[in-house]
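Trainee: I would like a close look at one part of this model, the small sheet. Please set it in the context of the whole chain.

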Amino acid sequence: MTGPRVAAATGSHGTGWLGLPVQRWRQLTQAGFFIFFILAPVFDIFRLDLNLKHFILFGFNWTLGLDGLSTGQISATQAAANIVLRGFLPLLAIGGTLIFVSWKWGRLYCGWLCPHFSVVETINQTLRRAIGKQSLWDPEPLPARNPDGSQTGKDAIWWCAVMPLVIGFAILWATVLLTYLLPPFEIYSNLWHRTLTRNQTIFLTAGSLAFFVEFMFARHLFCRYGCAVGLFQSLAWMGNDKAMVVGFARERAKDCASCYSACDHVCPMRLNPRNVKRLMFACVQCGQCVDACDQTQADNPAGSLLHWVHETRAESEAALNGSTARTIQISILRDAPAKTEQPES
């Protein structure tokens, strides 16, 4: 076997904190954050009010405190201190926290919190029921079989759910984003009484159309290539060889022959979870591939081939490149028959 030696896999999967399945926890955190995303401007938890021309945070005005500079009420030194204390340091704290979490655990925000990604997954699963694929651009339909043994067939009647979902999410997102910029009660009241201003109507119409196109045709593509927050997290994650990553037990690659590539089919980002880290740049750490492998290998005494790993094991994954990993797997598969054909003693 060539290439760096891959350390033994460590870690657990399937069941999370308090005995609940990992995917159930992920659904709960996604749902909770989605509700928070909608209600945050309503309760003045966080928003930018264009009428007041400053942020509102937890009901308080969040300004740089520079108004008194032009009237002579504060000095230039005080103004500079306000910029640092009220502007630079809060941004540094938020950015530093995001960098640290991403550097250590990857795109957790995307897979576990992001309200956009929860919409992506919801539409993906509904579209699969309509056409057998999670995206209009997928070249081949997914197998009807799920990792847990259940079946998901396709039926065109599900288009009656796909289109309302896409339209509804598009309008909801455009409306919520507008409430982050203008007083929420004004927007919802104008919608209810159909008294939107011209600018509000233009914003909601253009925003809804843009989100409709994105949700309908380019959901995961936006997550992979167009989201600055996701790209920022991926860059931080790639910079840490010991960061948590989905590791593949390549020394047992022959066990994959009993599977139908379930881990590939469940990945919402269209990645191959058995690939090396540098080819998993957009991984959102959702863990669906890990659960799929666990389910399809339930009867295998050796267990799953995919695990969340870190430290030494993660470092060995990061050290591999695509050609080296393929060489390792080919060597394993080539040598496996020789080991099984040994004469009985």
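Trainee: Before the sheet, what does the accessible surface of the chain come to, and what percentage of it belongs to carbon and sulfur atoms?

Mentor: Keep in mind that this is a predicted model. The accessible surface of the chain comes to about 18,900 Å². Carbon and sulfur atoms hold 65% of that area. The chain has 345 residues, and 42% of them are buried. Its secondary structure consists of 14 helices and five strands. Now take the contacts in the chain with a separation of 6 or more. Of these, 71% link residues 24 or more positions apart.

Now the sheet. Three strands form an open sheet in the order β1-β2-β3, and the pairing is antiparallel. β1 covers 46-49 and β3 covers 60-62. Both stand at the edges with a single partner strand each, so one side of each is left without a neighbour in the sheet. On average, neighbouring strands here are turned by 30° against each other, direction ignored.

Go through the pairs in turn. β1 and β2 run antiparallel and are joined by four bridges. Arg47 has Ile56 in β2 as its bridge partner. These two strands form a hairpin, with four residues between them. Look at Lys53 in that turn: its phi is positive, about 65°.

β2 spans residues 54-57 and is joined to β3 by three bridges, again antiparallel. Leu57 pairs with Phe60 in β3. Phe55 stands opposite Trp62, also in β3. The hairpin of β2 and β3 has two residues between the strands. There, Phe58 takes a positive phi near 50°. A general point helps when you view side chains: in a regular strand they alternate between the two faces of the sheet.

From the sheet, move along the chain to Asn82. Asn82 sits in helix α3, residues 76-105. Its relative accessibility is 16%, under the 20% limit, so Asn82 counts as buried. Beyond its neighbours up to four places away in sequence, Asn82 touches Leu64, Gly65, Ile74 and Gly87.

Compare a residue before the sheet. Gly32 lies in helix α1, residues 22-39. Gly32 is partly exposed, with a relative accessible area of 38%. Along the chain, Gly32 and Pro115 are 83 residues apart. In space, their C-alpha atoms are separated by 9.4 Å.

That brings us to α5, residues 115-131, and its contact with α9, residues 219-226. The two axes come within 9 Å and cross at roughly 145°. From α5, the contact uses His116, Phe117, Val120, Ile123, Asn124 and Leu127. From α9, Arg219, His220, Phe222 and Cys223 meet them. By class, the contact has six nonpolar, three polar and one charged residues.

Cys223 raises the matter of disulfides. A disulfide is a covalent bond between the sulfur atoms of two cysteines. The structure holds zero disulfides. For Cys223, the nearest cysteine sulfur is that of Cys114, 6.3 Å away. The cut-off for a disulfide is 2.5 Å, so Cys223 is in none. Cys223 has 7% relative accessibility and counts as buried. Cys227 is in no disulfide either. The nearest cysteine sulfur to that of Cys227 belongs to Cys110, at 5.7 Å. Cys227 has 21% relative accessibility, so Cys227 counts as partly exposed.

One more cysteine is worth placing. Cys256 lies in the loop between β4 (245-248) and α11 (262-266). Leaving aside neighbours within four places in sequence, Cys256 is in contact with Phe248, Arg274 and Leu305. Take Leu305: 49 residues separate it from Cys256 in sequence. Their C-alpha atoms are 8.2 Å apart.

End at helix α13, residues 311-319. Its buried residues are Arg313, Ala314, Ser316, Glu317 and Ala318. What covers them includes β4 and β5, the latter at 306-309.

Back to your sheet for a last look. Start at β2, with four bridges to β1 and three to β3. Then find the two turn residues with positive phi, Lys53 and Phe58.

Conventions
Residues are numbered from 1 along each chain as its sequence is written. This is a predicted model: local features need pLDDT of at least 70, side-chain atom pairs count only at pLDDT 80 or more; totals for chains, interfaces and linings use all residues. Side-chain values use heavy atoms; hydrogens and water are left out. Buried means under 20% relative accessible area, exposed over 50%, partly exposed in between (1.4 Å probe, protein chains only). Contact means heavy atoms within 4.5 Å. Accessible areas come from the Shrake-Rupley method with a 1.4 Å probe; for residues, only the protein chains shown count as cover. Two strands pair if DSSP finds at least two bridges between them. Axes are lines fitted to C-alpha atoms, for helices over the stretch in contact, and angles run from 0 to 180 degrees between N-to-C directions. Ala, Val, Leu, Ile, Met, Phe, Trp, Tyr, Cys and Pro count as nonpolar, Asp, Glu, Lys and Arg as charged, and the others, Gly among them, as polar.
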